[in-house]
Amino acid sequence: MRLSKIFKNTLLVLTACLVLSACATKKEASIGKIEGQMQGDVYTGTDTVEYLADGVPDRVFFATNESILTTASRETLRAQAAWLRKNPGINVVLEGHADERGTREYNLALGERRANAAKDYLMTYGISSDRITVLSYGKERPVDSGSNPLAWSKNRRSVTVKAN
Amino acid sequence: MIIRNFLIIFLISITSNVYALIEVDITRGNLNPLPLAVSPLSIDENSRSNFEKLLKKENIGSEISNIVENNLRTSGLFNPLDKKAFLQAPEIANLKPRFEDWNLIKAQALITGKVSYIEDKLRVEFRLWDVLAAKEMMALAFTTVPNNWRRVGHIISDKVYERLTGEKGYFDTRIIYVAEEGPKTQRIKKLAIMDQDGANNKFLTLGNELVLTPRFNPTSQMVTYLSYFKNMPRVYLLDIETGTQEVVGDFPGMTFAPRFSPDGKKIIMSFAKDGKSDIYTMNLENRIVEKITNHPSIDTSPSYSPDGKYITFNSDRSGYQQIYVMKNDGSEVKRISFGNGLYGTPVWSPRGDLIAFTKLHKGKFYIGVMRTDGSGERLLTENYYQEAPSWSPNGRVLIFYRETKTNAKGEGFSAKLWSIDLTGYNERQIRTPSDASDPSWSSLLSN
């Protein structure tokens with residue numbers, strides 16, 4: 001009993017060391033990569049991105065207080081539009097989000113504005129508004145709980161989610 | 001739940017304040033809080049044992065006095081003295097204080113009283129004494145149901161505050177807020193209500209859906225708030241006593257940022273559609289919806305002036321979030337914030353002369369106040385993140401919430417309620433059982 005406990009503790013310490021060292025290296029790597037993950041203050045990385053289908057990223061990112069679609073965002077949305085045209089039975093919810101550096105109520109409106117920017121673009125590529133619902137979460141559902149510019153850039157987003 | 005039953009107040013006597021020596025200037029901050037003695041309410045043995053059986057409190061007289069003492073201390077205007085230094089026993093002090101004794105411990109005011117059990121009711125009488133003038137300033141008696149004992153403490157506090165400052169108190173009030181738990185990325189939020197001092201905390205929703213920004217109506221019996229019920233963010237109306245909830249209006253999209261009009265007959269809120277947010281009102285009696293602003297920008301966080309004639313709100317029509325004032329029909333829109341930074345969440349003071357707001361400037365959040373024409377901007381507190389001030393009913397204190405910065409691993413997030421005096425002094429955290437945000441202060445319940 002006692003032995004097994006000691007063994008367990010050693011194991012714990014061992015794994016802790018492993019985790020720590022892993023963290024240390026990862027941290028260095030991510031510091032090196034931060035520059036490459038943002039352009040201006042728009043997130044350009046792929047850490048949080050999921051895929052609706054092969055080559056169809058589910059989300060687009062925005063600059064602080066902005067709802068303008070970047071070149072990369074338009075590319076993502078064109079891929080989504082093409083996928084939606086191929087799958088006429090699928091409807092989507094566009095979930096708009098803001099970072100934590102704004103007042104709650106304004107951020108709710110900003111999330112709605114961002115999701116609508118994405119919706120408008122999908123519509124210009126032939127997707128009927130009947131298939132799109134817009135939902136804003138404001139600052140309520142961050143993907144990254146960090147309090148730093150990189151975390152905030154991941155959180156300023158519009159995510160396309162299958163509704164059915 | 002808002003208990004107005006069985007509260008009878010007798011005026012025993014109230015002396016004219018013309019010759020009173022004690023005056024507390026509440027406009028100058030709490031640099032020299034007034035030293036005062038709260039003698040425990042005296043209680044006879046029969047009443048004591050009856051209340052002990054009924055309320056499970058060994059000495060209800062001391063408990064009520066503790067509430068008074070705590071309220072007066074947290075106001076920052078009074079310095080309740082240590083009971084150990086009191087020379088006169090409560091039951092004797094209540095009859096006729098020996099002013100020399102109270103003078104000796106530097107008390108300028110003295111509160112005495114007694115509590116008794118009379119025909120299943122709780123009867124409290126209390127007196128406020130001016131120690132230097134050796135005079136009674138006020139004497140009142142209350143009869144109420146025993147369960148109301150905490151409110152009796154709050155009402156005594158309000159009467160003392162009013163008598164010594166010349167302004168209404170804010171102790172017999174409640175706070176509605178959002179209780180939070182869980183990781184930052186997946187917070188669970190519930191509506192919660194508590195007394196102003198943190199007692200009697202109750203949850204009003206279960207946490208199954210996200211809820212935000214609850215606000216009381218003028219009688220503090222109804223609450224309007226935002227709920228994500230069925231994943232549709234809509235403004236709701238909740239009757240606190242009955243628990244009945246209903247959606248406000250029939251809008252094809254998100255409604256948010258609700259508040260009541262000062263007469264309680266309308267709800268003003270934002271409706272977001274096609275990337276624009278405009279301000280609407282809905283009359284709760286005839287269900288008529290009116291569009292108040294019409295602009296491609298984001299117009300939100302509306303708040304009425306206390307006379308109902310004007311509305312302040314924030315809009316990014318200039319390119320950035322700023323504060324505006326307009327007439328209640330949406331005409332004569334005027335921008336009032338012109339300082340550096342972004343301005344949001346304007347709330348009109350119940351006294352009508354000031355607008356409290358949140359300001360974001362150079363990565364810091366401030367709670368501040370300005371006159372209703374935008375002049376005289378004063379920042380009261382600076383922090384990493386804080387917002388959404390709500391006024392105490394007397395317009396002297398602001399309550400708001402503050403969130404902490406997380407560390408490099410994204411840990412250490414918390415959200416707490418804080419209050420600060422209009423003077424910028426007396427910043428305090430208000431204890432809540434869990435994390436908390438979006439506080440809204442009720443009106444004075446005993447009016």
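Helices, taken as DSSP runs of at least four residues, and strands, taken as runs of at least two, are numbered from the N terminus. All views below show a predicted model.

**Figure 1. The loop between strands E5 and E6 of chain B, with B:Asp120.** In this predicted model, B:Asp120 lies in the loop that joins strand E5 (109-118) to strand E6 (121-130) of chain B. B:Asp120 has a positive phi of about 65°, although it is not a glycine. Most residues other than glycine have a negative phi. The surroundings of B:Asp120 hold 9 other C-beta atoms within 10 Å, and because a residue with 12 or fewer such neighbours is classed as exposed, B:Asp120 is exposed.

**Figure 2. The loop between strands E16 and E17 of chain B, with B:Asp274.** B:Asp274 is placed in the loop between strand E16 (266-273) and strand E17 (276-283) of chain B. Its phi is positive, at about 55°, although B:Asp274 is not a glycine. B:Asp274 has 14 C-beta neighbours inside 10 Å and therefore counts as partly exposed, since this class covers the range between 12 or fewer neighbours, for exposed residues, and 20 or more, for buried ones.

**Figure 3. Contacts between chain A and chain B, with helix H3(A) on the side of chain A that touches chain B.** In the model, 24 residues of chain A are in contact with 32 residues of chain B. On the side of chain A that touches chain B, the elements that give two or more residues are helix H3 (104-124) and strand E7 (132-138) of chain A, and the largest share, 10 residues, comes from H3(A). By class, this side of chain A has 9 nonpolar, 7 polar and 8 charged residues. For the complex, the predictor gives an ipTM of 0.93 and a pTM of 0.90.

**Figure 4. Helix H3(A) and its setting within chain A.** The secondary structure of chain A comes to 4 helices and 8 strands, which run from the N terminus in the order α-β-β-β-β-β-α-β-α-β-α-β. The end C-alpha atoms of H3(A) are 31 Å apart, which agrees with the 30 Å that its 21 residues should span at 1.5 Å a residue. Of these 21 residues, 18 are buried, so H3(A) is largely enclosed by the rest of the structure, whereas 40% of the 164 residues of chain A count as buried. H3(A) is followed by A:Gly126, whose phi is positive, near 90°. Among the contacts in chain A with a separation of 6 or more, residues 24 or more positions apart account for 68%.

**Figure 5. The surroundings of B:Gln386 in strand E27 of chain B.** B:Gln386 is found in strand E27 (residues 385-391) of chain B and counts as buried because it has 21 C-beta neighbours inside 10 Å, where the class begins at 20. Apart from residues up to four places away in sequence, B:Gln386 touches B:Phe365, B:Ile367, B:Thr381, B:Phe400, B:Tyr401 and B:Arg402. B:Ser437 is 51 residues from B:Gln386 along the chain, and the C-alpha atoms of the two are separated by 9.6 Å.

**Figure 6. The loop between strands E29 and E30 of chain B, with B:Glu427.** B:Glu427 is found in the loop between strand E29 (415-421) and strand E30 (428-430) of chain B, where it counts as partly exposed, with 15 C-beta neighbours inside 10 Å. Leaving aside its neighbours within four places in sequence, B:Glu427 is in contact with B:Thr381, B:Trp418 and B:Ile420; B:Thr381 is also one of the residues that B:Gln386 touches. B:Glu427 and B:Thr74 are 353 residues apart in sequence, and their C-alpha atoms are 9.6 Å apart in space. The domain assignment of chain B gives domain 1 (8-165) and domain 2 (174-441), whose C-alpha centres lie 35 Å apart.

**Figure 7. B:Leu398 and the largest nonpolar core.** The largest nonpolar core has 82 residues, of which B:Tyr177, B:Tyr225, B:Ile267, B:Met269, B:Ile355, B:Ala356 and B:Leu398 touch the most other members. Residues up to four places away in sequence aside, B:Leu398 touches B:Ala356, B:Ile367, B:Pro389, B:Ser390, B:Trp391, B:Ser419, B:Ile420 and B:Leu422. A second, separate core of 37 residues includes B:Phe51, B:Trp129, B:Val152 and B:Ile156.

**Figure 8. Segments of chain B with pLDDT under 50.** The mean pLDDT of chain B is 93, and 93% of its residues reach 70 or more. Over residues 1-6 of chain B, however, pLDDT stays under 50, and the model has 12 contacts beyond four places in sequence for this segment. Residues 14-20 of chain B likewise stay under 50, with 8 such contacts in the model. Where pLDDT is low, the predicted coordinates should not be read in detail.

Conventions:
Residues numbered from 1 in each chain as written. Chains lettered and ligands numbered in written order. Predicted model: local features only at pLDDT ≥ 70, side-chain atom pairs only at ≥ 80, totals over all residues. Contact = placed C-beta atoms within 7 Å. Nonpolar A, V, L, I, M, F, W, Y, C, P; charged D, E, K, R; others polar. pLDDT = per-residue confidence, 0-100. Core = buried A, V, L, I, M, F, W, Y, C linked by C-beta atoms within 7 Å. Expected span 1.5 Å × (residues − 1). Domains from an automatic or database assignment.
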